[in-house]
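Colleague: Please take a close look at the salt bridges in this model, and then describe the parts that surround them.

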Amino acid sequence: MADAFENILGQPQVREFLRATVASGRVSHAYLFCGPAGSNKTLAALAFAQGILCPKGPKGPRGGNCGACDTCGRIMRKKHPDVRMFEPEGAAGYLVEQVRGIVADTVLAPIQADRKVYILDRVDLLGVQAANAFLKTLEEPPADVVLILLARTRESVLPTIVSRCQVVPFRTIPVSEAAGIVVQNSGASPEQARVALQACDGSITRAVEFLKSNERLEFRARVLEVLACLRRADDWDVIGFAADLVVRVKLPLDTVRAEQEAELAENADFLAKSAIRQIEARNKRQLTAKTAKSMRQLTGITRSWLRDIMVQAAGASDQVVNADVRPSIEEAAARTDAARAAAAIAAVRRCDVAISYNVSPETCIDAMLLEVRDILYGRALPNAAPRAYAR
């Protein structure tokens, strides 16, 4: 029978380990999930949280691996008040003040469940000072707290963090296998699966969600349409394109806000003021994360288009991924070269860095489109000084 852990795609060993851990009732206090981007660490952490907090427990009819009750549904939708998710708030990683806030939060009682699960992404960006503020809690957290840390590699995490966690390695999922998994779980064609993986930086889970969302598919179509128009666009055109994309980036936030307000109104009568403040803080983080996710889909789509131009210009047209817009790729490749396309990709990566600094979407998109246009079509040299992103 299917359970919550069946959704950990491409990681059979991780799936069986977490399933056995929950079924045995031997959940440790701290785990470190290590693996490359796109290896499904976040989904695995949420599934593990389902297994830990599911009210049916490890002795339930499905070994505690429910995935179907209200608690499990809230966790997977990232709506459960006792599953806290964090990512670095600073440009270079976690801030000491941020970590102190997490530590202070761990001593508070759970709101609905009998335990709390903390999921900290990118702990490879946890510096020495921030780590020092976290070590005591990581070594001996409250009895009702489970910590799940996510990182790209074990070696990139401070040894003092690694030594206090049970390490769970995630394997790199080959592109062909990843595309096959996306096809199996979305019903899309292999070509569509590759497009979605490119747009979602290799994440299988996000690629499946992407293909099932007409809104996201329309977003991709508009981004590619804008990119195809850049060669003939003046600065005012580009600013207009950016304004349109900003609206589309922020569009999903309206739905998220409505869901958050409905959830808060539903629970407000029996929640203490401190619990309401916790939920409001979590909701604010979710809105910020949703904006960043949309921005990264924008940059992912842009990088994918530029990569196709690069391979087309290099004579490898059979490697083009965005085949549905091949004419725009061929036209752009005929008017630039692989070196300029590579330099434009570097400009998009600078935009990714700016997103991590919480630079406004308006500024990021303006600067990125102008820089891509100027580099790609000879208005700026590939090694020219990049445009600055205001903070």
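Modeller: The conventions come first, then the salt bridges, and after them the sheet and the cores.

The model is predicted, so to speak of local features requires pLDDT of at least 70 and side-chain atom pairs count only at pLDDT 80 or more, whereas totals for chains, interfaces and linings use all residues. Residues are numbered from 1 along each chain as its sequence is written, and side-chain values use heavy atoms, with hydrogens and water left out.

A salt bridge is taken here as a side-chain nitrogen of Lys or Arg within 4 Å of a carboxyl oxygen of Asp or Glu. The count under this rule is 23 salt bridges. One of them joins Arg 84 to Asp 105, with the closest N and O atoms 2.2 Å apart. Because Arg 84 belongs to strand β2 (residues 83-86) and Asp 105 to helix α4 (residues 96-106), this pair ties together parts that are 21 residues apart in sequence. Helices (H or I, at least four residues) and strands (E, at least two) are DSSP runs, numbered from the N terminus. Arg 84 is buried, at a relative accessible area of 4%, and Asp 105 is also buried, at 14%; buried means under 20% relative accessible area, exposed over 50%, and partly exposed in between (1.4 Å probe, protein chains only).

A second salt bridge links Arg 248 with Asp 244, at 3.1 Å from N to O. Here both partners lie in helix α11 (residues 235-267), four residues apart, about one turn of the helix. Arg 248 is partly exposed, with a relative accessible area of 30%, and Asp 244 is likewise partly exposed, at 23%. These two residues also belong to a network of salt bridges that includes Arg 222 and Glu 225. A further salt bridge is formed by Asp 374 and Arg 373, whose closest N and O atoms are 2.9 Å apart, and both of these residues are buried.

The strand that holds Arg 84 leads to the sheet. Five strands form an open, parallel sheet in the order β2-β3-β4-β1-β5, where two strands pair if DSSP finds at least two bridges between them. Its edge strands are β2 and β5 (166-169), each of which pairs on one side only, and the twist averages 20° from one strand to the next. Strand β1 (residues 30-34) pairs with β5 over four bridges, and Phe 33 stands opposite Val 168 in β5. Helix α2 (residues 41-53) lies across β1, β2, β3 (116-120) and β4 (145-151), at about 170° to β4. Helix α5 (residues 128-139) lies across β1, β3 and β4, at about 130° to β4. Axes are lines fitted to C-alpha atoms, for helices over the stretch in contact, and angles run from 0 to 180 degrees between N-to-C directions.

Finally, a nonpolar core is a set of buried Ala, Val, Leu, Ile, Met, Phe, Trp, Tyr and Cys residues joined through side-chain atoms within 4.5 Å. The largest has 62 residues, and those with the most contacts inside it include Trp 305 and Ile 309. Helix α14 (residues 338-356) supplies the largest share of this core, nine residues. Another core, of 26 residues, lies apart from it, with Val 96 and Leu 138 among its members. Trp 305 is touched by Ser 328, a buried residue with a relative accessible area of 15%, found in helix α13 (residues 326-334); contact means heavy atoms within 4.5 Å.

Notes. Lists of a residue's contacts leave out its neighbours within four places in sequence.
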